[in-house]
Amino acid sequence: MTGRVSSARTVAALLGVAVLAAGCSVPSPGGDGTTAPPATQPPTGTEGLGRFYSQKITWEDCGAAGDKTAQCAWVEVPTNYDEPQDGSLKLRVLKVAASGSSKGALFVNPGGPGGSAVEYARAADAIVSPTIHRTYDVVGVDPRGVGESSPVTCVDGPTMDDMMALDPTPDDQSELAAARESARAFGQACKKKYPQALPHLSTVDAAKDMDVVRAVLGEKKLTYLGKSYGTFLGATYAGLFPSRVGNMVLDGAIAPELSNDELNLGQAVGFETATRAYVSACVAEGDCPLGKDTDTGMQGLRDLLKEIDKEPLPVTDDARVEELTEGWASTGLARALYDQASWEGLTDALRAAQDGDGDQLMQLAREYADRDEAGVYHGNIMQVISAVNCLDRPAEPVDEEAMKARVAKFEKASPTWGESMAMATLSCEEWPVKATATPQKITAAGSGPIVVIGTTRDPATPYEWAQKLADQLENGHLVTFDGDGHTAYMRSNNCVDKAVDAYLVKGTVPKDGLTC
């Protein structure tokens with residue numbers, strides 16, 4: 001698995017962009033707000049789950065994880081929690097044992113929805129500090145439909161390539177119709193292939209699965225590190241099972257009460273802010289290919305994307321994709337904005353693009369899609385993301401005038417990313433399964449302290465979302481990282497790392513208003 005570690009880290013740093021939309025309604029714990037039952041028992045008021053909570057699992061070696069050997073197992077969960085007798089799914093669980101004396105399991109999730117927590121946990125020595133690795137067994141559970149857990153893969157690689165290449169900023173009604181038809185066809189392919197599972201891939205379902213796995217592993221409470229969409233999964237769990245929340249860290253937070261449009265608009269503004277930060281740094285370095293000042297550089301970037309839309313650039317190092325379209329180019333640009341360590345490479349890629357070479361931007365786009373030069377998608381994130389998001393947040397189709405108004409509103413707030421983010425809802429507008437949730441606040445009343453981390457210039461999960469989540473959680477505690485990129489822990493700041501480690505190991509809650 002050498003060479004997959006970087007991919008696992010990329011997942012944590014990436015997932016979001018125009019396809020991200022996360023949120024859900026969260027029932028009261030046990031359905032009636034009462035104290036949760038013993039930790040190895042199912043929630044009160046839900047019949048037929050005993051066999052899932054009491055199942056025994058068998059661990060087996062499953063490859064290298066740094067200098068250790070990972071262990072894997074399968075856990076069975078009901079397809080439909082309302083009718084647990086009507087079929088089941090298998091979840092893949094991977095554990096990397098603590099390097100010291102273990103105090104239990106730290107569950108991790110990198111985001112998405114669709115990032116593989118199994119692959120993320122395999123990179124334990126890179127995603128948590130030596131202190132945490134010494135203290136906890138790092139455990140990843142691929143959520144239902146993701147990775148190795150009854151994965152949803154609706155179309156083949158070439159079809160996925162065509163979807164990625166589509167114009168994210170349709171120039172006329174024919175291109176808009178093509179985008180809508182592509183979304184419709186993809187949804188229908190998923191429904192045809194997974195008729196039983198597709199209605200049960202929501203975040204609420206995944207959070208209930210996490211409680212089953214927690215119990216099966218013998219953990220009284222869920223100790224958890226979630227990033228990006230993983231914060232929404234963690235917050236959803238906390239809302240469902242507040243008395244079972246152990247030390248929980250939510251890094252790169254999503255505000256669960258946001259509507260589809262509010263979430264996409266927030267990301268549009270977040271990416272605009274991050275892009276300006278990048279362009280300003282590019283100008284300060286000197287010889288920036290985009291322009292001599294920030295405003296000129298921003299316009300230069302928009303102009304370049306328009307030129308690529310009119311005349312795609314040749315790609316020479318890919319087995320299947322021959323042209324860098326605006327769709328692929330925007331994906332590559334977004335990839336680099338997630339981590340300021342990628343900014344120098346982005347500048348080189350943009351300079352090459354201006355010279356007519358699309359290879360470097362295409363490489364960045366492949367990293368985002370977890371796809372290699374041979375055209376192989378190593379995960380199913382680009383497919384399952386819609387299956388989850390479209391259950392979590394309702395999105396009704398809108399007419400042409402309403403779409404124009406949405407685009408105008410988004411473009412005013414975000415001249416570079418507004419139109420593409422306004423179009424991001426098309427996949428859910430055309431989804432064949434009705435949403436099972438509506439966005440609302442999560443208070444997790446009765447939980448222990450929950451640490452929420454926000455980065456001030458985070459492109460995918462704007463800082464304001466972390467503020468909202470920390471404020472609405474009854475026992476939320478905000479840590480602010482004044483910096484760039486997506487998420488903070490083990491990515492760019494020692495102050496954040498120390499605060500998280502002290503909380504996970506000693507239970508020391510970061511001081512109010514901590515800014516790093």
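Begin by selecting strand E5, residues 137-141: five of its five residues are buried, so the strand is largely enclosed by the rest of the structure. The model on display is a predicted one. With E5 still highlighted, show its side chains and inspect the two faces in turn. On one side are Asp137, Val139 and Val141, on the other Val138 and Gly140, and each of these residues is buried.

**The neighbours of E5**

Next, add strand E3, residues 88-96, to the selection. E3 and E5 run antiparallel and are joined by four bridges. To find one point of this pairing, label Leu94, whose bridge partner in E5 is Gly140.

Then select strand E4, residues 105-109. E4 is also joined to E5 by four bridges, but these two strands run parallel. Here the residue to label is Leu106, which stands opposite Val138 of E5.

**Phe107 and the nonpolar cores**

Move along to Phe107 and display its surroundings. Setting aside neighbours within four places in sequence, Phe107 is in contact with residues that include Val139 and Val141, together with Met210, Val213, Leu217 and Leu222. Polar and charged names also appear among its contacts, including Arg214, Glu219 and Thr223.

Phe107 is one of the residues with the most contacts inside the largest nonpolar core, which has 120 residues. To see others of this group, select Met248, Tyr278, Leu324, Leu361 and Ile450. Apart from that core lies another, of 33 residues; Tyr120, Ala121, Ile127 and Leu225 are among them.

**Thr223 in strand E6**

Select Thr223 next, within strand E6, residues 222-227. Is Thr223 buried or exposed? Its relative accessible area is 11%, and because buried means under 20%, Thr223 counts as buried. Leaving out residues up to four places away in sequence, Thr223 touches Ala105, Leu106 and Phe107, and also Tyr136, Gly246, Asn247 and Leu504.

**The disulfides**

Now colour the cysteines. How many disulfides does the structure hold? There are five. When the bonded cysteines are counted along the chain, the pairing follows the pattern 1-2, 3-4, 5-6, 7-8, 9-10. Three of these links are visited below.

Zoom in on Cys62 and Cys72, which are joined with an S to S distance of 2.1 Å. The torsion about their S-S bond is about 70°, so this disulfide is right-handed. Cys62 belongs to strand E1, residues 60-65, and Cys72 to strand E2, residues 68-78; the pair is ten residues apart and links distant parts of the chain. Both ends can be checked for exposure: Cys62 is buried with a relative accessible area of 16%, and Cys72 is buried with 2%.

Proceed to Cys154 and Cys190, whose sulfur atoms are 2.0 Å apart in a disulfide. This link is right-handed as well, with 105° about the S-S bond. Cys154 sits in the loop between E5 and helix H6 (157-165), whereas Cys190 is in helix H7 (residues 173-193), 36 residues apart. Cys154 and Cys190 are both buried.

The last disulfide stop is Cys282 and Cys288, joined at an S to S distance of 2.1 Å. The link of Cys282 and Cys288 is right-handed, with 105° about the S-S bond, and both cysteines are buried.

**Helix H15**

Select residues 381-392 to bring up helix H15, which has twelve residues. From its first C-alpha to its last, H15 reaches 16 Å, close to the 16 Å expected at 1.5 Å a residue. How many of the residues of H15 are buried? Twelve of its twelve residues are, and the helix is mostly covered. Among those to label are Ile381, Gln383, Ser386, Asn389, Cys390 and Asp392.

To see what lies over these residues, show the surrounding helices. The cover of the buried residues of H15 includes H6 and H7, and also H8 (203-216), H9 (229-240), H14 (359-369) and H18 (426-429).

**Met421, the final stop**

Finish in helix H17, residues 418-422, by selecting Met421. Met421 is buried, with a relative accessible area of 0%. Which distance separates Met421 from Gly266 in space? Drawn from C-alpha to C-alpha, the distance is 9.3 Å, while in sequence Met421 and Gly266 are 155 residues apart.

Methods
Residues are numbered from 1 along each chain as its sequence is written. This is a predicted model: local features need pLDDT of at least 70, side-chain atom pairs count only at pLDDT 80 or more; totals for chains, interfaces and linings use all residues. Side-chain values use heavy atoms; hydrogens and water are left out. A nonpolar core is a set of buried Ala, Val, Leu, Ile, Met, Phe, Trp, Tyr and Cys residues joined through side-chain atoms within 4.5 Å. Buried means under 20% relative accessible area, exposed over 50%, partly exposed in between (1.4 Å probe, protein chains only). Contact means heavy atoms within 4.5 Å. Two strands pair if DSSP finds at least two bridges between them. A disulfide is a pair of cysteine sulfur atoms within 2.5 Å. The expected span of a helix is 1.5 Å times one less than its number of residues.
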